Amino acid sequence: MNFNFTEDQLDLKRMVQEVVAKEIIPYALEMDHNDGMREGLLEKLDEAGLLNLTVPEEYGGPGLDALSIALIYEQLGYGCAGVATSVAANALASYPVVLAGTDEQKKKFFDVINRGKLAAFALTEPGAGSDAGAVATSAVKDGDDYILNGTKCFITNGGSAEIYVIFANARKSAGIRGLTAFIVERNTPGFSVGKKEEKMGIRASNTCELILDNVRVPAANRLGREGEGFKIAMKTLDAARPFVGAVSVGLAQAAFDLAVKYAKEREQFGKPIASFQLVQAMIADMAMQIEAARLLCYKACWMKDQNVEYSKESAIAKCFAADTAMKVTTDAVQILGGYGYSKEYPAEKYMRDAKIMQIYEGTNQIQRLVIANNILY
Ligand code: CAA
């Protein structure tokens, strides 16, 4: 086994750390309070080459391996999980195109992302969350086009994206086997952005409802064959879940560093609270959980890069890292006490941000189901 990173990976990590320290950390609380990314940040992230991480080299992207991408998301998660979520949603939306796009579709989709724009992956609906196969948005063939009708909800980058991958059912009677993926451009007539979600955390990212009212999409925008959508969605989520894990690890690390610093500075009963063994036990547990989560995420990405089956490891990484982020950020609030509960410090933001990691891209209950199914069947 080799636990060393390549020089390129270390350079990349250092570069992202610098961007995060300069452009994200000083503004993270402000973005949280203002409920959106600060002006100009997207351009800075684009300049640093962080928006098109999953675009293959032949289509103008960096063609990075999954492990390098995870290193980047971990650093972004350290700075602000909301910003990291928005950036990672570009990867989530790109992956169906990487998997099933034609040369023409790849050129069209990746060109938008290479220009520093955001993309969105639209699967979830009011009646299709964990039960992704229950998508009710319809796609009815009409000559060389499809007519899409329906509503999507909780879509990351929903209001800020230029291009979308939208899942609709082209054969209702076939259920899951009717699910089909389409590329939809924002300016398509009938397509509109609905309600913006007021979220508990990751407030720098934009989460919206999407409304499709007789949206005419050329069949040339269909990804893969009719009915291939469910498998495309599942494979995409396999690829993206370790990245949610990586963001969770970065977030947990940030909360941990804050808690350790505070524990060394804060004095009670005449000494730093870090000298009390009950606090030390919390710090040790936090460190163990973060280390384990990090290794699980790196391993899932490494397996993907080796082209071996990694669906189970992907779910394990996401589930463990998200639970770790929730536990570690909660403990960080506890160590900071009243200051942890106050908006003066970022601890409470970390805790609010962590909760979504256990919910999106498949709840942790669904991850456990995927893990068990992989073991049992
Ligand atoms: N790779 C390839 N194929 C897969 C697969 C995978 N990982 N998982 C399932 N399939 C295939 C199965 O082999 C099966 O194929 P056949 O019919 O040919 O046998 C088919 O898909 C159906 O599989 P299941 O019977 O297992 O499907 P299911 O209906 O029981 O659902 C599930 C499985 C795991 C619960 C799935 O619905 C799921 O992952 N749900 C969670 C959805 C989710 O993660 N949503 C997140 C939305 S994105 C988001 O949150 C983004 C954001 O904004 C940040």
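Me: Which residues does leucine 50 touch, not counting residues up to four places away in sequence?

Reply: In this predicted model, leucine 50 touches Met15, Val16, Val19, Leu45, Ile72, Leu76 and Val87, when residues up to four places away in sequence are not counted. Leucine 50 itself sits in the loop between α3 (41-47) and α4 (66-79).

Me: Is leucine 50 buried or exposed?

Reply: Leucine 50 counts as buried, because its relative accessibility is 1% and the cut-off for buried is under 20%.

Me: How far apart are leucine 50 and tyrosine 73, in sequence and in space?

Reply: Along the chain, 23 residues separate leucine 50 from tyrosine 73, while the C-alpha to C-alpha distance between them is 9.3 Å. Both residues also appear among those that line the second largest cavity.

Me: How should a cavity be read, and how many of 30 Å³ or more does the structure hold?

Reply: The general idea is that rolling a probe the size of a water molecule over the atoms shows where empty space is left. In this structure there are 2 cavities of 30 Å³ or more. The second largest cavity holds about 30 Å³ of space. Its lining consists of Leu50, Leu51, Asn52, Leu53, Thr54, Tyr73, Val87, Asn90 and Ala91. By type, these divide into 6 nonpolar, 3 polar and no charged residues. Helix α5 gives the most to this lining, with 3 residues.

Me: What lines the largest cavity?

Reply: The largest cavity, with about 50 Å³ of space, is lined by Ala88, Ala91, Leu92, Tyr95, Thr236, Ala239, Ala240 and Phe243. The elements that give two or more residues to this lining are α5 (81-100) and α7 (229-265). The lining residues divide into 7 nonpolar, 1 polar and no charged.

Me: Where does the largest cavity lie with respect to the domains?

Reply: One begins with the domain assignment, which gives domain 1 (7-117), domain 2 (119-227) and domain 3 (230-376). Domain 1 and domain 3 both give residues to the lining of the largest cavity, so this cavity lies between them.

Me: How many residues of domain 1 and domain 3 are in contact?

Reply: On the domain 1 side 23 residues take part, in contact with 29 residues of domain 3. The C-alpha centres of these two domains are 20 Å apart.

Me: How is the second largest pocket placed and lined, and what is its volume?

Reply: The second largest pocket holds about 500 Å³ of space. Of the 15 residues that line this pocket, Asn2, Phe3, Leu67, Tyr298 and Trp302 are the closest to its centre. Helix α8 (residues 277-305) gives the most to the lining, with 7 residues. The lining divides into 7 nonpolar, 3 polar and 5 charged residues. The second largest pocket lies between domain 1 and domain 3, because both give residues to its lining.

Me: How should a pair of strands be read, and how many bridges join β2 to β3?

Reply: As a general idea, in a regular strand the side chains alternate between the two faces of the sheet. Here, strand β2 (residues 138-142) and strand β3 (residues 145-156) run antiparallel and are joined by 5 bridges. Within this pairing, lysine 141 stands opposite tyrosine 146 in β3.

Me: What do β2 and β3 form, and which residue in the turn has a positive phi?

Reply: The strands β2 and β3 form a hairpin, with 2 residues between them. In the turn, glycine 143 has a positive phi of about 65°.

Conventions: Residues numbered from 1 in each chain as written. Predicted model: local features only at pLDDT ≥ 70, side-chain atom pairs only at ≥ 80, totals over all residues. Heavy atoms only, no water. Helix = DSSP H or I, 4+ residues; strand = E, 2+ residues; numbered from the N terminus. Buried < 20%, exposed > 50% of the residue type's maximum accessible area, 1.4 Å probe, protein only. Contact = heavy atoms within 4.5 Å. 1 Å grid on protein atoms, 1.4 Å probe; cavity = no way out; pocket = protein on both sides within 12 Å on 5 of 7 lines; lining within 4 Å. Points joined across faces, edges and corners; volume = space filled by probe spheres on them. Nonpolar A, V, L, I, M, F, W, Y, C, P; charged D, E, K, R; others polar. Domains from an automatic or database assignment. Pairing = 2+ DSSP bridges.
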